[in-house]
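Please study the sequence and the structure shown below before attempting the exercises. Each exercise sets a task and is followed by a solution in steps.

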Amino acid sequence: MATLTDVEIKKLLTEPSSVTMRPSYEGGNINTAIGFKCDNYLLEAAVLDHFRAVGLGATELYLVHGVNFDVVGVDTRLHTVLTLDDDVTVEVTPKTKDTDREMVFAVAAIVERDGAPKKAVTSRFRVLLRRDPAIPDAAPLPAELERFVVDRLATAELSELASTPVDDLHGAFHRGEDATSDPVLSEIIGDDNAIGWKWRIPYYYCHFTERMQMSGYLRQMEEAKHLFVASRGISIKRLLDERGWIPVVTQNKLRFTDEAVMEEDLYSVYTVESVFKDMLYTSRMDFYVVRDGNLVKTATGEITHGYCHKETPDSEWQMAVFDDEVLRALRGE
């Protein structure tokens, strides 16, 4: 076990780092453009590399120091599209204040466009180190890092639940006005312009043998768009085939408010909150579990979507303007 020097601690907490990577092949779902989920994956990998550079990779933190590396908050802006074969320089700049109880990092993905560097994605990542009781006799971390070590990532206030959960995961997909087959979703959604579904958290959305991790929530946020527009008759494939409209994300945020555990039933709810200039719409995402008859919100966030298209094959990409059909679908009319 190596002991961190003062120089390494200073490097971790105050000095920027950078790494050059390529986006995941998984993210090239439409043409060669990378979606927002894999943009966030790329940024997370760079933050992990920032820790690894001073000898505190996720394995070292876990096996030696008995803590789990957890991203507990992201606030990401997407400025230009990354593509599959881009060489992306990701800069990680510590922004933690003396009073912060989480480590905060400004992260920027920079790519070359027209011979000059351009910021493609920027974000704020928040990180905590969660004690893991499965590791006995863990070595202490340097004193400068102890304020970021927690026994629990977050604890939400309990909300009394009037309905009784049902043990049924079949066809658990509902719009607000007809969410009749699952009483908990009906109670959560009410009359909101929303959809929701219940599902059981699988192990491959989790890490450290127990908890759902940030990437799992990002995957749910991605799925929500797919399910929502399909439920409103404007599915992604239909608009691609008929109009050449490619879905784009301009920003996304996610924040843990509690912990969600492997094989708990998670209620994912996607609520459209606003439409801006008939070109963008922002939706809120909330995630819940039921414990001891109470509703517990485990994470919350928002995402802004739009569409891009080309007038001709040789023209530049431009934002699409929503027509009446799309506006009515988004508003649930």
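The exercises that follow concern a predicted model and treat its pocket, its cavity, one helix, aromatic rings and selected residues.

**Exercise 1. The largest pocket**

Task: Determine which domains give residues to the lining of the largest pocket, and state where the pocket lies with respect to them.

Solution.
- Step 1. Begin with the extent of the pocket: its volume is about 1,200 Å³. Its lining comprises 37 residues, and those closest to the centre are A33, V81, I246, P247 and V248.
- Step 2. Identify the contributing elements. At least two lining residues come from each of helix 2 (36-52), helix 5 (214-231), helix 6 (236-243), strand 12 (246-256), strand 15 (294-309) and strand 16 (318-319). Strand 12 provides the largest share, with 5 residues.
- Step 3. Consider the chemical character of the lining, which consists of 16 nonpolar, 13 polar and 8 charged residues.
- Step 4. Turn to the domains. Because domain 1 (1-152) and domain 2 (153-332) both give residues to the lining, the largest pocket lies between them.

**Exercise 2. The largest cavity**

Task: State how many cavities of 30 Å³ or more the structure holds, and describe which residues line the largest cavity.

Solution.
- Step 1. The structure holds 1 cavity of 30 Å³ or more, and the volume of the largest cavity is about 30 Å³.
- Step 2. The lining of the largest cavity is formed by N40, Y41, E44, V74, F125, M214, S215 and L218. Helix 2 and helix 5 are the elements that give two or more residues to this lining.
- Step 3. By character, the lining of the largest cavity divides into 5 nonpolar residues, 2 polar and 1 charged.
- Step 4. Domain 1 (1-152) and domain 2 (153-332) each supply at least three residues to the lining of the largest cavity.

**Exercise 3. The length and burial of helix 2**

Task: Compare the span of helix 2 with the expected span, and decide whether the helix is mostly covered or mostly uncovered.

Solution.
- Step 1. Helix 2 has 17 residues, and the distance from its first C-alpha to its last is 24 Å.
- Step 2. At 1.5 Å a residue, the expected span is 24 Å, and the span of helix 2 is close to that value.
- Step 3. Of the 17 residues in helix 2, 13 are buried, and the helix is thus mostly covered.

**Exercise 4. Two aromatic pairs**

Task: Classify the ring pair of F51 and F69 and the ring pair of Y62 and F208, and state which parts of the chain each pair ties together.

Solution.
- Step 1. A pair of aromatic rings is described by the distance of the centres and the angle of the planes. The structure holds 12 aromatic pairs.
- Step 2. For F51 and F69, the ring centres are 5.1 Å apart and the planes stand at 85°, so the pair is edge-to-face.
- Step 3. F51 belongs to helix 2 and F69 to strand 2 (residues 67-78), so this pair ties together parts that are 18 residues apart in sequence. Both F51 and F69 are buried.
- Step 4. The pair of Y62 and F208 is tilted, with 5.0 Å centre to centre and 50° between the planes.
- Step 5. Y62 lies in helix 3 (residues 58-63), whereas F208 lies in the loop between strand 10 (206-207) and strand 11 (211-212), so this pair ties together parts that are 146 residues apart in sequence. Y62 and F208 are both buried.
- Step 6. Elsewhere, ring pairs join W199, Y203, Y204 and Y205 into a cluster.

**Exercise 5. Accessibility of individual residues**

Task: Decide whether R284, G306, E263 and D292 are buried, partly exposed or exposed, using the cut-offs of under 20% for buried and over 50% for exposed.

Solution.
- Step 1. R284, in strand 14 (residues 280-291), has a relative accessibility of 26% and therefore counts as partly exposed.
- Step 2. G306, in strand 15, has a relative accessible area of 0% and is therefore buried.
- Step 3. E263 is in the loop between strand 12 and strand 13 (265-276); its relative accessibility is 58%, so E263 counts as exposed. The phi angle of E263 is near 70°, a positive value in a residue other than glycine.
- Step 4. D292 is in the loop between strand 14 and strand 15; its relative accessible area is 80%, so D292 is exposed. The phi angle of D292 is near 55°, again a positive value in a residue other than glycine.

Conventions. Residues are numbered from 1 along each chain as its sequence is written. This is a predicted model: local features need pLDDT of at least 70, side-chain atom pairs count only at pLDDT 80 or more; totals for chains, interfaces and linings use all residues. Side-chain values use heavy atoms; hydrogens and water are left out. On a 1 Å grid over the protein atoms alone, a cavity is a set of points where a 1.4 Å probe fits but cannot get out, and a pocket is an open set with protein on both sides within 12 Å along at least five of seven lines; lining residues have an atom within 4 Å of a point. Grid points are joined across faces, edges and corners, and a volume is the space filled by probe spheres set on the points. Helices (H or I, at least four residues) and strands (E, at least two) are DSSP runs, numbered from the N terminus. Ala, Val, Leu, Ile, Met, Phe, Trp, Tyr, Cys and Pro count as nonpolar, Asp, Glu, Lys and Arg as charged, and the others, Gly among them, as polar. Domain bounds come from an automatic or database domain assignment. The expected span of a helix is 1.5 Å times one less than its number of residues. Buried means under 20% relative accessible area, exposed over 50%, partly exposed in between (1.4 Å probe, protein chains only). Rings of Phe, Tyr and Trp (its six-membered ring) pair if their centres lie within 6.5 Å; planes under 30 degrees apart count as stacked, over 60 as edge-to-face and the rest as tilted.
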